[in-house]
Amino acid sequence: MQEVKSVDPKIEQSWKEYLISEFHADYFKALKGFLLEEKKKHTVYPPGSRIFAAFDHTPFDNIKVVILGQDPYHGRGQANGLCFSVNDNIAKPPSLVNIFKELKDDLGIPVPKSGNLESWAKQGVLLLNATLTVRAGQAGSHQSRGWEQFTNQIIRILSEKKEGLVFLLWGNYAQAKQELINTSKHHILKAPHPSPFSADRGFFGCRHFSKTNEILRSIGKKEIDWRL
């Protein structure tokens with residue numbers, strides 16, 4: 001594996017201040033080396049400029065809501081650095097279709113043409129995957145390479161430094177992250193994953209979009225406009 005002596009990713013400045021020590025850690029240098037080797041042999045999603053898109057669209061001080069995903073979509077043109085989101089003019093994956101179905105049932109919002117969730121991110125919804133890259137066509141292929149250590153630390157930092165965040169934890173994988181969150185300071189909403197394999201077991205009807213806005217309103221924060 002290629003040796004990496006230093007790492008200085010391009011990331012939104014407010015996040016860089018909190019994460020600089022992670023970028024200099026040995027595990028992150030090893031992760032960078034792995035990615036450099038991986039890109040020599042395989043296509044990796046999302047493109048390098050989009051790996052930290054969740055942070056670039058949602059500066060640290062703007063965060064009000066956190067949605068946790070597992071890893072990026074592995075199909076061509078899908079991943080754009082935001083969990084559950086796809087680029088414009090890309091067919092919506094099944095989980096995203098179900099998210100929009102619940103959104104329509106909850107708030108009456110028509111299903112949008114695009115599955116690009118950037119407008120949510122720009123309003124303060126951090127759309128964070130636990131793993132930030134993936135090999136084309138191979139779901140989960142970059143798990144256990146260091147990304148989880150990095151994103152777990154992000155959740156800890158948010159828990160410690162922020163107050164009154166709303167965490168939407170969909171599915172067992174996301175719900176396992178609750179142990180990283182101070183539940184006396186933050187709000188947790190849990191439901192099954194929106195995947196077709198589990199959405200009928202309680203994701204449909206969870207009303208997390210309206211509940212999130214009720215919480216934000218109750219603590220004096222501006223609600224999220226969930227329309228795209």
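Colleague: Which residues line the second largest cavity?
Modeller: In this predicted model, the second largest cavity has a volume of about 50 Å³. S2, S3, helix H6 (147-161) and H7 each supply at least two residues of its lining. The residues lining the second largest cavity are Leu68, Gly69, Leu128, Asn129, Ala130, Thr151, Ile155, Tyr173, Ala174 and Lys177.

Colleague: How many charged residues does the lining of the second largest cavity have?
Modeller: Six residues of the lining of the second largest cavity are nonpolar and three are polar. Lys counts as charged, and Lys177 is among the lining residues. The number of charged residues in this lining is one.

Colleague: What is the volume of the largest cavity?
Modeller: The count comes to two cavities of 30 Å³ or more. The second largest cavity has a volume of about 50 Å³. For the largest cavity, the volume is about 60 Å³.

Colleague: Which element gives the largest share of the lining of the largest cavity?
Modeller: The lining of the largest cavity consists of Pro46, Ile51, Ala54, Phe55, Pro72, Gly81, Leu127, Leu128, Asn129 and Leu132. Two elements, helix H3 (53-57) and strand S3 (125-129), give two or more residues to this lining. The largest share, three residues, comes from S3.

Colleague: How many charged residues are in the lining of the largest cavity?
Modeller: In the lining of the largest cavity, eight residues are nonpolar and two are polar. The count of charged residues there is zero, that is, no charged residues.

Colleague: Which element gives the most to the lining of the largest pocket?
Modeller: About 500 Å³ of space lies in the largest pocket. Strand S2 (65-69), helix H4 (94-107) and helix H7 (172-175) are the elements that give two or more residues to its lining. With three residues, the element that gives the most is H7.

Colleague: Which residues lie nearest the centre of the largest pocket?
Modeller: The lining of the largest pocket has 14 nonpolar, 14 polar and one charged residues. Of the 29 lining residues, those nearest the centre are Gln70, Asp71, Tyr73, Phe84 and His193.

Colleague: Is H4 parallel or oblique to H8?
Modeller: The axes of H4 and helix H8 (residues 208-218) come within 8 Å and cross at roughly 60°. Because of this crossing, H4 is classed relative to H8 as oblique.

Colleague: Which residues of H8 make the contact with H4?
Modeller: By class, the contact of H4 with H8 has four nonpolar, two polar and two charged residues. From H4 come Ile99, Glu102, Leu103, Asp106 and Leu107. From H8 come His208, Phe209 and Ser210.

Note on methods:
Residues are numbered from 1 along each chain as its sequence is written. This is a predicted model: local features need pLDDT of at least 70, side-chain atom pairs count only at pLDDT 80 or more; totals for chains, interfaces and linings use all residues. Side-chain values use heavy atoms; hydrogens and water are left out. On a 1 Å grid over the protein atoms alone, a cavity is a set of points where a 1.4 Å probe fits but cannot get out, and a pocket is an open set with protein on both sides within 12 Å along at least five of seven lines; lining residues have an atom within 4 Å of a point. Grid points are joined across faces, edges and corners, and a volume is the space filled by probe spheres set on the points. Helices (H or I, at least four residues) and strands (E, at least two) are DSSP runs, numbered from the N terminus. Axes are lines fitted to C-alpha atoms, for helices over the stretch in contact, and angles run from 0 to 180 degrees between N-to-C directions. Angles under 35 degrees count as roughly parallel, over 145 as roughly antiparallel, 65 to 115 as roughly perpendicular and the rest as oblique. Contact means heavy atoms within 4.5 Å.
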